[in-house]
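Q: Hi! I've got a model open and would like to walk through it with you. Could you start me off somewhere in the fold?

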Amino acid sequence: MFQIKKICCIGAGYVGGPTCSVIASMCPEITVTVVDVNESRIKAWNSDTLPIYEPGLNEVVLSCRGKNLFFSTDIDSAIKEADLVFISVNTPTKTYGMGKGRAADLKFIEACARRIVEMSDGYKIVTEKSTVPVRAAESIRRIFDANTKPSLNLQVLSNPEFLAEGTAVKDLKDPDRVLIGGDETSLRDMASQYGKGRNISVTRLRYSANHNALDSRSITAHLTFQNDELCKNRRVSERWPSVVFVSVSGFGGSCFQKDVLNLVYLCEALNLPEVASYWQQVIDMNEYQRKRFACRIIDCLFNTVTGKKIALLGFSFKKDTGDTRESSSIYISKYLMDEGAKLHIYDPKVLKEQIIQDLSQPSISGDNPERVSDLVTVTSDPYEACESAHALVICTEWDMFKDLDYEKIYHKMLKPAFIFDGRRVLDHLHPQLQNFGFQIETIGKKVTTRIPFTPSGGVPRINEPPIKKSKA
Ligand SMILES: NC(=O)c1ccc[n+]([C@@H]2O[C@H](COP(=O)([O-])OP(=O)(O)OC[C@H]3O[C@@H](n4cnc5c(N)ncnc54)[C@H](O)[C@@H]3O)[C@@H](O)[C@H]2O)c1
């Protein structure tokens with residue numbers, strides 16, 4: 001039987017890095033090489049400071065790096081030597097041309113397919129792990145078939161990744177599902193080694209590829225249209241811990257928005273405008289939720305935040321990851337910066353450079369990126385962020401925010417001192433926080449009677465339409 005002795009993974013990101021590190025640690029007989037075009041990312045994987053933060057990942061990498069786990073920029077050699085090649089590259093939303101803002105950009109997938117067929121000889125299994133639209137794996141197959149040579153036998157599989165950032169190592173070691181799409185022969189080879197007795201679902205190539213995106217879409221719909229009652233005890237998927245099934249200030253992350261937008265595009269292409277508009281609402285409501293939260297901050301702070309210091313705690317899109325892609329914190333910061341607020345941002349795992357880079361994007365800082373350096377201070381101490389602040393805004397549900405010394409924080413802040421809990425992490429502390437003197441504002445629950453103030457004209461009412469994304 002075909003034995004997998006060497007694996008090459010193209011893409012050393014949030015999926016490729018952890019997935020291959022766990023495979024290397026669980027299969028010491030297999031040599032795993034993770035390759036990427038991004039030199040600095042590979043350098044970081046080979047250093048003491050890994051490019052991504054995931055609980056437990058450091059230990060896994062240290063246990064096998066240099067033994068049977070390697071990180072390299074030598075893509076061609078790794079492909080040539082491998083028995084199994086994973087494609088784990090990014091599939092972002094298109095930012096140009098047809099389908100701009102909605103369709104998945106598959107140029108990185110295609111580049112990998114062309115490289116693999118050029119570099120390969122003999123028998124190899126190529127497994128698509130990225131989230132791709134239905135039929136993408138068939139396109140890979142077609143590129144292989146059109147460029148094949150007599151000695152070459154490339155089998156294509158689809159094995160979409162369901163890990164969730166923040167629990168990736170746990171999810172990989174004990175997955176709640178493994179889905180493999182492809183033809184019979186290669187499936188048997190693959191499943192017998194990679195699956196190691198797990199409960200594996202097998203489907204056709206075409207259907208497997210789209211499962212991950214379907215999963216993302218159902219989660220986002222639940223997240224967006226939830227209310228407090230609906231959220232109680234809700235758990236759609238192991239990918240998303242139950243803690244977030246409470247009302248929050250919007251969802252973030254690299255996958256959810258792009259997978260939904262991709263579906264909108266597909267529905268429009270299939271002439272299903274009502275279905276497209278349903279899914280577009282998921283995105284619109286998410287944007288609205290973020291804007292509404294920012295407006296509430298402004299409204300409570302007597303309708304002006306101009307020049308006011310606001311401590312923003314948490315910048316990653318969820319706890320236990322340093323990933324900020326599509327994080328609600330970015331958008332909440334934008335709305336507050338637009339009003340001239342002075343933001344003091346703290347996150348336990350996001351680097352200062354990343355925060356500044358995210359806030360300096362043209363879509364966030366407009367045509368004036370200099371205002372970021374004027375309005376934003378990134379601190380390494382949450383207490384420092386709160387010193388003389390008018391408000392403390394929690395944007396990420398990091399556990400450490402539950403254990404801060406709020407009495408100390410209250411004494412440091414200007415009065416009235418406001419807490420805006422966008423993640424519902426302080427629910428259990430409300431009586432205590434009120435005793436200290438805090439005004440508490442949270443989502444889906446009225447805690448403090450508001451200080452009377454004539455409402456502003458600038459705050460959107462509940463029936464005001466959400467801000468529209470520009471259409472392609
Ligand atoms: N992040 C998640 O939680 C998650 C979960 C499930 C599925 N996915 C899907 O997995 C895929 C990868 O996601 P990610 O978060 O790891 O992305 P990422 O952006 O973190 O990593 C992708 C990497 O691929 C590299 N790359 C791109 N083209 C390349 C090429 N031709 N050769 C070599 N390297 C190349 C990039 O430099 C980058 O480092 C996406 O399709 C995503 O939708 C992500």
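A: Happy to. Let's begin with serine 316, which sits in the loop between strand S9 (309–313) and helix H13 (328–338). Helices (H or I, at least four residues) and strands (E, at least two) are DSSP runs, numbered from the N terminus. One caution up front: this is a predicted model, where local features need pLDDT of at least 70 and side-chain atom pairs count only at pLDDT 80 or more, while totals for chains, interfaces and linings use all residues. Residues are numbered from 1 along each chain as its sequence is written, and side-chain values use heavy atoms, with hydrogens and water left out.

Q: Good to know. Is serine 316 buried or exposed?

A: Serine 316 is buried, with a relative accessible area of 1%. Buried means under 20% relative accessible area, exposed over 50%, and partly exposed in between (1.4 Å probe, protein chains only).

Q: And what does the side chain of serine 316 make a polar contact with?

A: With the side chain of tryptophan 398, at 3.3 Å. A polar contact is a pair of N or O atoms within 3.5 Å; within protein, one must be able to donate a hydrogen and the other to accept it, and residues adjacent in sequence count only if both atoms are side-chain atoms.

Q: Switching to the ligand: which residues come nearest?

A: There are 26 residues around the ligand, and Asp36, Arg41, Thr91, Glu165 and Lys258 come nearest. Here a residue is near if one of its heavy atoms lies within 4 Å of the molecule.

Q: What's the chemical mix of that shell?

A: The shell divides into 10 nonpolar, 10 polar and 6 charged residues. For that split, Ala, Val, Leu, Ile, Met, Phe, Trp, Tyr, Cys and Pro count as nonpolar, Asp, Glu, Lys and Arg as charged, and the others, Gly among them, as polar.

Q: Which side chains have an N or O atom beside a ligand oxygen, lysine 258 for one?

A: An N or O atom in the side chain of lysine 258 is 2.6 Å from an oxygen atom of the ligand. Arginine 41 has a polar side-chain atom 2.7 Å from a ligand oxygen, and for arginine 325 the distance from a side-chain N or O atom to an oxygen of the ligand is 2.9 Å.

Q: How much of the ligand does the protein bury?

A: The protein buries 91% of the 840 Å² that the ligand exposes when taken alone. Those areas come from the Shrake-Rupley method with a 1.4 Å probe.

Q: Where does UniProt place the active site?

A: The unreviewed UniProt entry places the feature "active site" at Cys255. Such annotations may be inferred rather than shown by experiment. Cysteine 255 is in the loop between helix H10 (228–231) and helix H11 (256–269), and its relative accessible area of 23% makes it partly exposed.

Q: What about asparagine 262?

A: Asparagine 262 is in helix H11 and counts as buried at 11% relative accessibility. Its C-alpha atom is 7.5 Å from that of threonine 93, although the two are 169 residues apart along the chain.

Q: New topic. Which residues of helix H6 are buried?

A: In H6 (residues 136–146), they are Ala136, Ala137, Ile140, Ile143 and Phe144. They cover an arc of only 115° around the axis, so they are on the same side of H6. The arc is that of the directions from the helix axis to the C-beta atoms. Exposed residues Arg142 and Ala146 are on the face turned away from the buried side.

Q: And which are buried in helix H3?

A: Leu57, Val60, Val61 and Cys64 are buried in H3 (residues 57–64). Seen down the axis, these buried residues of H3 fall within an arc of 95°, so they line one face of the helix. The face of H3 turned away from them carries the exposed residues Glu59 and Leu62.

Q: Any backbone oddities to look at?

A: Some, given that most residues other than glycine have a negative phi, and most peptide bonds are trans. Asparagine 271 has a positive phi of about 60°; it is in the loop between H11 and H12, and is exposed at 62% relative accessibility. Serine 388 also has a positive phi, of about 55°, and lies in the loop between helix H17 (382–386) and strand S12 (391–394). The peptide bond from lysine 415 to proline 416 is cis, with omega near 0°.
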